[in-house]
Amino acid sequence: MVKKLGYYLFAAFFALFRIFPLRENKIFLVATHDDSPEGNIGLVREAFRQRRPELRFHTLTKRDGIRRPFSFFIVRAYHMATAGTIIMDNIFMPMAYTPLSKRAKVVQLWHGTGTIKKFALDSDTGEVARLAERANRRITHLIVNSEQTKKQYAGAFGVPEERVYILGLPRTDLILDDERIEAKRQEFFRQYPELAQRRCVLYAPTFRDDEVEKPKLGLDLERFASVLRDDETLLLRLHPHVAANFSGEFGEKYGGRIRNMSDYPGVTTLMAVSDCLITDYSSIVFEYCLFNRPMVFYAYDLEEFDQKGRSFYEDYESFVPGPVVRTQDELEELWRRGGLSGERAAAFRDRVYRYRDCGAVERLWELIFPE
């Protein structure tokens with residue numbers, strides 16, 4: 001109820017500020033999922049500013065909520081109401097009550113490059129689904145990677161397919177830029193020189209909706225640390241709800257074999273420095289496949305997630321580009337055997353990408369600001 005009152009209040013100020021003229025050179029950015037320089041919003045802001053310095057950007061992040069009432073209800077509502085373009089990486093629920101000018105463009109980039117598990121209207125229920133559906137009606141441009149994701153995202157957002165554009169996502173421009181990725185690798189190893197000569201393995205599990213109150217980690221860290229080679233380090237990238245329960249310096253406890261990188265600002269950098277990925281149902285696989293490195297899918301609760309959780313758009317085990325293990329015993333045995341490869345990534349990339357040319361931002365620019 002408190003959240004809904006907040007939505008109404010934001011919408012009321014938004015309606016008031018509609019009396020001011022729309023400014024074509026103003027872009028309002030909703031970066032409530034990832035406001036880092038490596039996120040879709042951060043990359044678009046940097047690239048667009050370089051192309052047209054006179055553009056004015058105003059950003060809403062997850063820190064700008066109702067706990068900062070003046071900033072949220074007054075400043076952000078004003079800039080959103082008067083922006084010619086709104087670019088988002090998440091659903092912004094107050095938009096369910098904020099009818100926009102017909103001249104305004106609302107671009108949904110989302111924060112995932114693709115999806116394995118069902119999301120948004122395909123998984124939400126009740127009042128959340130109703131408000132999300134209303135908010136998504138404002139979307140004028142939904143940006144995706146491929147024909148496959150076009151159909152999935154059109155249904156998940158409740159957006160007609162004619163509003164869905166296969167352009168590619170800004171985050172993949174960064175991954176495909178060898179010079180920028182190498183610069184980020186060097187920056188990371190300057191910050192963590194002790195990892196420069198080690199084989200880094202990224203563990204990035206997805207968040208389970210039913211674990212909000214009691215988050216847990218499906219991997220016994222002490223056991224897995226004993227399986228890692230002397231020159232290997234497991235980098236943990238956990239959801240904030242889970243990471244809060246596993247805070248601390250893991251490097252000291254496990255002899256440098258496990259490091260908690262959940263607060264590291266750039267997940268793309270963590271992918272770039274990792275020689276292998278361990279995940280489960282996370283959309284990170286859609287980006288990591290571009291590095292052509294091994295992936296292991298530790299699906300310890302596969303049946304439960306499929307039947308009682310989000311479930312999947314496709315058959316999980318045949319879709320993912322790497323071996324699937326169900327138990328930690330299987331994971332450890334796979335690790336001992338070694339010989340992991342990224343061979344299955346190529347076919348996966350061809351399926352989930354139309355473009356791999358570093359041109360996503362340029363295509364987005366041409367869509368929003370046609371000559």
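This report describes strand pairing and helix placement in a predicted model.

Residues are numbered from 1 along each chain as its sequence is written, and side-chain values use heavy atoms, with hydrogens and water left out. Because the model is predicted, local features need pLDDT of at least 70 and side-chain atom pairs count only at pLDDT 80 or more, whereas totals for chains, interfaces and linings use all residues.

Helices (H or I, at least four residues) and strands (E, at least two) are DSSP runs numbered from the N terminus, and two strands pair if DSSP finds at least two bridges between them. An open sheet of 6 strands, paired in parallel, follows the order E9-E8-E7-E10-E11-E12. Strand E9 (258-260) and strand E12 (324-325) stand at its edges, each with a single partner strand, so one side of each lacks a neighbour in the sheet.

Three parallel pairings are listed here.

| Strands | Bridges |
|---|---|
| E10 (residues 276-279) and E11 (residues 295-298) | 3 bridges |
| E3 (residues 83-88) and E4 (residues 105-108) | 4 bridges |
| E4 and E5 (residues 141-144) | 2 bridges |

Ile 278 has Val 296 in E11 as its bridge partner, and helix H15 (residues 328-337) lies across strands E7 (199-203), E8 (232-236), E10, E11 and E12, running at about 160 degrees to E11. The angle, on a scale from 0 to 180 degrees, is taken between N-to-C directions of axes fitted to C-alpha atoms, for helices over the stretch in contact, where contact means heavy atoms within 4.5 Å.

The bridge partner of Ile 87 in E4 is Val 107, while Gln 108 stands opposite Leu 142 in E5. From E4 the chain crosses through helix H4 (residues 126-136) to E5 in a right-handed β-α-β crossover, meaning that, with the strands pointing away from the viewer, the path from the first strand over the helix to the second runs clockwise.
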